[in-house]
Amino acid sequence: MNMKYNRGFTLIELLMVIAIIGLLSTVVLAALSSARNKSNDAAVKSNLNSIRSAADLYFDNNGTSYGTFAAGNCVLGAGMFGNSTIINAINSAIASGDGTSRCVASINAYAVAVGMKTAGQSWCIDSLGRAKQYSGTPTAAITGSSCN
């Protein structure tokens with residue numbers, strides 16, 4: 001008697017393996033997306049925190065004044081927001097975040113807030129040394145010339 005042995009996998013076995021691999025890859029991609037957002041949020045915080053020393057130098061070199069800049073989106077403007085080092089750090093933070101920002105400067109105070117990748121969160125720094133996370137938009141994070 002000649003017995004024929006079938007070697008290999010059945011179609012059902014192959015489909016099950018493909019389904020398991022798809023499920024595992026979905027879980028891994030979700031974890032990577034969360035890690036990417038956390039990384040971008042850390043970049044926002046780092047870029048904004050680096051502004052402090054540049055703002056202090058600007059203040060000392062410009063007659064103890066930050067200049068004036070009416071509240072608005074952080075674009076190349078007047079006062080300390082005309083300084084290329086400061087505006088480059090803000091633009092890097094905006095690029096790492098959700099693209100929203102708000103800057104305010106008066107003669108003796110400033111505040112900068114940028115929206116983070118984590119939905120509904122903003123990071124704000126000011127001349128009083130505050131650096132904190134807020135729920136809401138960058139506009140809601142600033143009152144006057146300081147973080148709420």
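## Arg-130 and its salt bridge

Arg-130 is partly exposed, with a relative accessible area of 33%; here buried means under 20% relative accessible area, exposed over 50%, and partly exposed in between, using a 1.4 Å probe and protein chains only. This is a predicted model, in which local features need pLDDT of at least 70 and side-chain atom pairs count only at pLDDT 80 or more, while totals for chains, interfaces and linings use all residues. Residues are numbered from 1 along each chain as its sequence is written, and side-chain values use heavy atoms, leaving out hydrogens and water.

Which residue is the partner of Arg-130 in a salt bridge? Asp-126 is, and the closest N and O atoms are 3.4 Å apart. A salt bridge here is a side-chain nitrogen of Lys or Arg within 4 Å of a carboxyl oxygen of Asp or Glu, and the structure holds one. Asp-126 counts as buried, because its relative accessibility is 0%.

## The β4-β5 hairpin

Let's look at the strands around this pair. Strand β4 covers residues 121-126 and strand β5 residues 131-135; they pair in the antiparallel sense over five bridges. Two strands pair if DSSP finds at least two bridges between them. Helices (H or I, at least four residues) and strands (E, at least two) are DSSP runs, numbered from the N terminus.

Together β4 and β5 form a hairpin with four residues between them. In the turn, Gly-129 has a positive phi of about 95°. Within the paired strands, Cys-124 stands opposite Lys-132 in β5.

## The sheet and the helix across it

The hairpin strands belong to an open sheet of five strands, in the order β1-β2-β3-β4-β5, with antiparallel pairing. Its edge strands are β1 (69-72) and β5, each pairing on one side only. Neighbouring strands of this sheet are turned by 20° against each other on average, direction ignored. Axes are lines fitted to C-alpha atoms, for helices over the stretch in contact, and angles run from 0 to 180 degrees between N-to-C directions.

At the β1 edge, β1 and strand β2 (residues 101-105) pair in the antiparallel sense over two bridges, and Gly-72 stands opposite Cys-103 in β2. Helix α1 (residues 11-61) lies across β3 (110-115), β4 and β5, running at about 15° to β4.

## Ser-145 in its loop

Ser-145 is found in the loop between β6 (142-143) and β7 (146-147). Is Ser-145 buried or exposed? Ser-145 is buried, with a relative accessible area of 18%. Not counting residues up to four places away in sequence, Ser-145 touches Val-104, Ser-106, Ala-109, Tyr-110, Ala-111 and Asp-126, where contact means heavy atoms within 4.5 Å.
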